[in-house]
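This briefing introduces the structure shown below. Selected features are grouped by topic.

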Amino acid sequence: MPILVTDYTWTQTDTHITLVVPLKGKTLVPSAIYTSSTYIKANFPPFLFELDLLHSIDENESKAVIDGGILTFHLFKQKAGKWESLKCEIKDKSALKQRRDAAEKHMRENLKQIDEKRQLEKHERQREGVRQQMKSVYQKFVFHMVQCPRHATELYGLCQSLFCNFPISEFISVPQLIELFQLEEDERKKQRERQDRARASIDDHLQCGIKTEITSTQDQLKSSVPPVRQSGQIRVTFSHRPFKTPERETQKGEEEAWLARQAAARAAMASATKGSDDGIEHNSLWYIDKALNFFKTGDYESAINAYTSAITLDEKNGTIFSSRAAVHLRLQDYQACAADALKALSLLQPPCQANKQDRLKAHLRRAASLEALGDIQSACFDYRKALEICPNDGTIRDHLTRLASQSQD
């Protein structure tokens, strides 16, 4: 709890109060000083100085000075006159809090007004700067109007559209502007007359030799055009490729391996469905779905048979081996469960995010079967692998701790 400072001194005039607070050898930063119209505070741990003033002060004119280990408040009264005391003696805490809140609200509104005033002044300065720049450019436009009378109208219209707020009379008089427009009109009239004379001369020259020139030009064009070529056909044949990509853009070895795997899969499916006339399209996914249904209904033997048929069609799928291991574990066939789980882990390579859950299940099922067979060390190994995959699983951690304590005993 802070120690309140009460050994302060103060003096006053009709308009001003000087309040001196000793800092007790502590350092006070300016940000730790708070001044409102009726409440002042300074925090320099472990000491705290706060005072509710009897009357209001002008917080904009008032200031605090830190010098020589002493904090001095220079407070300016809102209303001139002598104060009977410096401190406002209010015993009711709620009333005192309302008084402080009102002072703080008034201070915030005052700061907001000051900030808005500063922003307005800054905006006006920016507008004046832009105005001066525009005025400079406008002067250049008027200078070009005087130097180039032929474009006076165009430049004047551009000036009026870009700088409508600047009167042109500031830079050029009205008689001068009228004279510029008259010079422009005279120059354009002379230019039109020169163009008309040049056009008439060209027409007279062309009247004489235009027919002869056109005839000779047509004869030249006819003689320079080559004869039409005979039509023909080009036959193009393509070699057969199972893949749509051109041969130059693919790897022949990878294609052959993929085709071999596809042929093996089709042969396995044909062997598995040989003699079947039930009209069902048999594949590994169909058998997996049947196995799941058998497992849910408790028909574990049928589930094993369905998973075995799926493995016949897709013997490289580690997920099927892991699922069959779960059925063996439910039937308490721990040897078969451990073997299927090991096979699943060998197929689920390399480890990646896509096979993370399948690898976790395979490790847990193998660990459970090995624990049931009494191979505690191997079970601990699989639990550790499962914990590496899912380090936040408390159940796996508890199993590992229990088996580790059993192996030590």
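On the surface, Ile234, Val236 and Phe238 form a nonpolar patch, and together these residues have about 430 Å² of accessible area. Phenylalanine 238 belongs to the loop between α3 (174–224) and α4 (252–272). The model described here is predicted.

**Exposed and buried loop positions**

- Phenylalanine 238 has a relative accessible area of 74%, and because exposed means over 50%, this residue counts as exposed.
- Serine 36 is also placed in a loop, the one between β4 (33–35) and β5 (39–44).
- The relative accessibility of serine 36 is 1%; buried means under 20%, so serine 36 counts as buried.
- Leaving aside residues up to four places away in sequence, serine 36 touches Ile57, Glu59, Ala103 and Met107.

**The largest pocket**

- The largest pocket holds about 300 Å³ of space.
- Its lining is made up of 16 residues, and those nearest the centre of the largest pocket are Leu4, Glu50, Leu51, Asp52 and Lys87.
- Two elements, β6 (47–52) and α1 (93–147), each give two or more residues to the lining of the largest pocket.
- Strand β6 supplies the largest share of that lining, with 5 residues.

**Salt bridges within helix α1**

- The count of salt bridges in the model comes to 6, including the pairs described here and under the next heading.
- Aspartate 101 forms a salt bridge with lysine 97, and their closest N and O atoms are 3.0 Å apart.
- Because aspartate 101 and lysine 97 are 4 residues apart in helix α1, about one helical turn separates them.
- Aspartate 101 is partly exposed, at 36% relative accessibility, whereas lysine 97 is exposed, with a relative accessible area of 52%.
- Arginine 108 forms a salt bridge with glutamate 104, and the closest N and O atoms of this pair are 2.7 Å apart.
- Arginine 108 and glutamate 104 likewise lie 4 residues apart in helix α1, so they are separated by about one helical turn.
- With 54% relative accessibility, arginine 108 counts as exposed, while glutamate 104 is partly exposed, with a relative accessible area of 26%.

**A salt bridge between helices α9 and α11**

- Glutamate 371 forms a salt bridge with arginine 402, the distance between the closest N and O atoms being 3.1 Å.
- Glutamate 371 lies in helix α9 (residues 356–373) and arginine 402 in helix α11 (residues 394–408), so this pair ties together parts of the chain that are 31 residues apart in sequence.
- Glutamate 371 counts as partly exposed, at 23% relative accessibility.
- Arginine 402 also counts as partly exposed, at 32% relative accessibility.

**Isoleucine 376 and its contacts**

- Isoleucine 376 lies in helix α10 (residues 376–389).
- Computed along the sequence rather than through space, isoleucine 376 and alanine 404 are 28 residues apart, yet their C-alpha atoms are 8.2 Å apart in space.
- Not counting residues up to four places away in sequence, isoleucine 376 touches Leu403, Gln406 and Ser407.

Key: Residues are numbered from 1 along each chain as its sequence is written. This is a predicted model: local features need pLDDT of at least 70, side-chain atom pairs count only at pLDDT 80 or more; totals for chains, interfaces and linings use all residues. Side-chain values use heavy atoms; hydrogens and water are left out. Patches are made of residues with over 30% relative accessible area and no salt bridge: like charges are joined within 9 Å, nonpolar side chains (Val, Leu, Ile, Met, Phe, Trp, Tyr) within 5 Å. Accessible areas come from the Shrake-Rupley method with a 1.4 Å probe; for residues, only the protein chains shown count as cover. A salt bridge is a side-chain nitrogen of Lys or Arg within 4 Å of a carboxyl oxygen of Asp or Glu. Buried means under 20% relative accessible area, exposed over 50%, partly exposed in between (1.4 Å probe, protein chains only). Contact means heavy atoms within 4.5 Å. On a 1 Å grid over the protein atoms alone, a cavity is a set of points where a 1.4 Å probe fits but cannot get out, and a pocket is an open set with protein on both sides within 12 Å along at least five of seven lines; lining residues have an atom within 4 Å of a point. Grid points are joined across faces, edges and corners, and a volume is the space filled by probe spheres set on the points.
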